Amino acid sequence: MSKLTTEERNALPDNAFALPGRRYPIPDATHARDALARASEMLHRGNLTQEEYDTIHAKAEDVLRRERM
């Protein structure tokens, strides 16, 4: 899993996160893939709603699509 330092995470704009509260950082493809994996795990554990999962999935896929261009 990719690591962001506290300083790096704090420097990210709010739109670099998939969920409000600066949850699930997705500033690049590596973090987007990690977010997809963690979100799936958290959904199955009951720690995310389906709506939160869908939001993370859509935003992460958008980051991945942009990185491929």
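In this predicted model, helix 2 (residues 29-45) and helix 3 (residues 50-68) pack with their axes within 9 Å. The axes cross at roughly 160 degrees. Angles over 145 degrees count as roughly antiparallel, and helix 2 and helix 3 are therefore roughly antiparallel to each other. The handedness of this crossing is left-handed. Helix 2 contributes A29, A32, R33, A35, L36, A39, S40 and L43 to the contact. Helix 3 contributes Q50, Y53, I56, H57, A60, E61, V63, L64 and E67. By class, the residues of this contact comprise 11 nonpolar, three polar and three charged.

The largest nonpolar core contains 17 residues. Within this core, Y24, I26, A32, A39, L48 and I56 have the most contacts. Strand 1 (17-19), helix 2 and helix 3 are the elements that each supply two or more residues. Helix 2 gives the most, with seven residues. A32 and A39 of helix 2 and I56 of helix 3 also take part in the contact between the two helices.

A39 was examined through its contacts beyond four places in sequence. On that count, A39 touches Y24, L48, Y53 and I56. Of these partners, Y53 and I56 belong to the helix 3 side of the helix contact. Y24, L48 and I56 are listed, with A39 itself, among the core residues with the most contacts.

Y24 lies in strand 2. Its relative accessible area is 16%. The limit for a buried residue is under 20%, so Y24 is buried. The backbone of Y24 has a phi near 60 degrees, a positive value in a residue other than glycine. A second positive phi occurs at R22, near 55 degrees, again in a residue other than glycine. Most residues other than glycine have a negative phi. R22 is placed in the loop between strand 1 and strand 2 (23-25). At 24% relative accessibility, R22 counts as partly exposed. The partly exposed class runs between 20% and 50%, so R22 falls in this class at 24%, whereas Y24 is buried at 16%.

On helix 2, T30 was considered next. T30 is found in this helix and is partly exposed, at 37% relative accessibility. T30 and V63 are 33 residues apart along the chain, and their C-alpha atoms are separated by 9.6 Å. V63 is one of the residues that helix 3 brings to the contact with helix 2.

R65 has its place in helix 3. With a relative accessible area of 42%, R65 is partly exposed. In sequence, R65 and S40 are 25 residues apart. In space, the C-alpha to C-alpha distance of this pair is 19 Å. S40 is among the helix 2 residues of the helix contact.

P13 sits in the loop between helix 1 (6-11) and strand 1. Its relative accessible area of 47% makes P13 partly exposed. P13 and Q50 are separated by 37 residues in sequence and by 25 Å in space, C-alpha to C-alpha. Q50 is one of the helix 3 residues in the contact with helix 2.

Notes:
Residues numbered from 1 in each chain as written. Predicted model: local features only at pLDDT ≥ 70, side-chain atom pairs only at ≥ 80, totals over all residues. Heavy atoms only, no water. Axes fitted to C-alpha atoms, helices over the stretch in contact; angles between N-to-C directions. Helix = DSSP H or I, 4+ residues; strand = E, 2+ residues; numbered from the N terminus. Parallel < 35°, antiparallel > 145°, perpendicular 65-115°, else oblique. Left-handed = near helix turned anticlockwise from the far one by under 90°. Contact = heavy atoms within 4.5 Å. Nonpolar A, V, L, I, M, F, W, Y, C, P; charged D, E, K, R; others polar. Core = buried A, V, L, I, M, F, W, Y, C linked by side-chain atoms within 4.5 Å. Buried < 20%, exposed > 50% of the residue type's maximum accessible area, 1.4 Å probe, protein only.
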